[in-house]
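Visitor: I have just opened this entry and would like a guided look. Could you take me through it?

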Amino acid sequence: MTRLIFLGPPGAGKGTQAQTLADFWQIPHISTGEILRQAMKDQTPLGIQAQSYVDQGELVPDQLVEDLVQERLKQPDAQSGWILDGFPRKVTQAGFLEELLGKIGQGGERVVNLDVPDEIVIARLLSRGRKDDSEDVIRRRLEVYRAETAPLIDYYSDRHKLLTVNGNQSEEEVTTALKNVITA
Ligand code: ADP
């Protein structure tokens, strides 16, 4: 059973790699960022609540993402595995997820950290041109990453769940490296 959590700074290539591997293993790629962007586009209650946070590069409140992840992991297609991308993004969310996975019998998850130097990440984000990719917002997202998300590296390393891959290689090389560490 493949259950993976992708960690890494914004711009590390998590979304691209998560989608490639999800297609390869035929399991859902669950991206909280994508789900939120779609909800904002559709102006659903979730989207309306998330909008101002996402636009400013802040994390949306835990409750919103925790509810959506809980619902998503209960769907039939998630019973044969999944790749989570963008969740958890802080230690409180990781605690929530650990408890949730125990409760719904979906343990044994592994965490992959895509390691990419800061300057590479900034250059990639600036060339991507997404609506929340203006320079100020990028700077804020990186600050939030360092303060809230980077501590998850130690969190999962302490729990012996962490695998690390060098994300500063070509897209194909990263995919190969990921497949190697995950199936090892
Ligand atoms: P990136 O990895 O490029 O920073 P994402 O697409 O993963 O972007 O997320 C975009 C935005 O969605 C984040 O900046 C944040 O506002 C919101 N978001 C996504 N996942 C979470 C989460 N787990 N907790 C809080 N906010 C989140």
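Guide: The following exchange goes from the overall fold to the cores and then to single residues.

Visitor: What kind of model is it, and how many helices and strands does the protein have?

Guide: This is a predicted model. The protein contains 9 helices and 5 strands.

Visitor: Which pattern do they follow along the sequence?

Guide: The pattern reads β-α-β-α-α-α-β-α-β-α-α-α-β-α.

Visitor: And what is the radius of gyration for the 184 residues?

Guide: The radius of gyration is 16 Å, and this agrees with a compact globule, because a globule of 184 residues would have a value near 16 Å. Along the principal axes, the C-alpha atoms fill a box of roughly 40 × 35 × 30 Å.

Visitor: What share of the contacts join residues at least 24 apart?

Guide: The share is 74%, counted among contacts between residues at least 6 apart in sequence.

Visitor: What about the surface, and how much of the protein is buried?

Guide: The accessible surface comes to about 9,100 Å², and 50% of that belongs to carbon and sulfur atoms. Buried residues account for 44% of the 184 residues.

Visitor: How far apart are the mean positions of the positive and negative charges?

Guide: They are 2 Å apart, for 21 positive and 28 negative charges.

Visitor: Let us go inside. Which residues touch the most other members of the largest nonpolar core?

Guide: They are Leu73, Trp82, Leu97 and Tyr156, in a core of 25 residues. Among the elements that give two or more residues to this core are strand 1 (2–7), strand 3 (81–85), helix 5 (91–103) and helix 8 (151–158). Helix 4 gives the most, with 5 residues. In soluble globular proteins, nonpolar side chains tend to be buried together.

Visitor: What does Tyr156 touch?

Guide: Beyond its neighbours up to four places away in sequence, Tyr156 touches Ile5, Leu7, Pro88, Ala94, Leu97, Val111, Lys161 and Leu162. Apart from the largest core lies another core, of 19 residues, including Ala22, Ile83, Leu125 and Ile182.

Visitor: Now helix 5. Is Leu100 there buried or exposed?

Guide: Leu100 lies in helix 5. Its relative accessible area is 2%, so Leu100 is buried. Leaving aside neighbours within four places in sequence, Leu100 is in contact with Gln70 and Leu73. Gln70 is 30 residues away from Leu100 in sequence, yet their C-alpha atoms are 7.4 Å apart.

Visitor: And where is Met40?

Guide: Met40 is in helix 2, and it counts as buried because its relative accessibility is 10%. Outside its neighbours up to four places away in sequence, Met40 touches Gly47, Ala50, Gln51 and Val54. The C-alpha atoms of Met40 and Ile120 are separated by 29 Å, with their positions 80 residues apart along the chain.

Visitor: Changing topic: why does Asp133 count as buried?

Guide: Asp133 counts as buried because its relative accessibility is 6%, and buried means under 20%. Asp133 is found in the loop between helix 6 (118–128) and helix 7 (135–149). Not counting residues up to four places away in sequence, Asp133 touches Leu125, Arg128, Ile138 and Arg141.

Visitor: One last residue. Where does Asn113 lie, and which residues is it in contact with?

Guide: Asn113 lies in strand 4 (residues 110–115). Asn113 is buried, with a relative accessible area of 5%. Leaving aside neighbours within four places in sequence, Asn113 is in contact with Leu7, Gly8, Ile153, Leu162, Leu163, Thr164 and Val165.

Note on methods. Residues numbered from 1 in each chain as written. Predicted model: local features only at pLDDT ≥ 70, side-chain atom pairs only at ≥ 80, totals over all residues. Heavy atoms only, no water. Helix = DSSP H or I, 4+ residues; strand = E, 2+ residues; numbered from the N terminus. Rg over C-alpha atoms; globule rule 2.2 N^0.38 Å. Buried < 20%, exposed > 50% of the residue type's maximum accessible area, 1.4 Å probe, protein only. Contact = heavy atoms within 4.5 Å. Areas by Shrake-Rupley, 256 points an atom, 1.4 Å probe, with all protein chains shown as cover. Lys, Arg positive; Asp, Glu negative; His and termini not counted. Charge placed at Lys NZ, Arg CZ, Asp CG, Glu CD. Core = buried A, V, L, I, M, F, W, Y, C linked by side-chain atoms within 4.5 Å.
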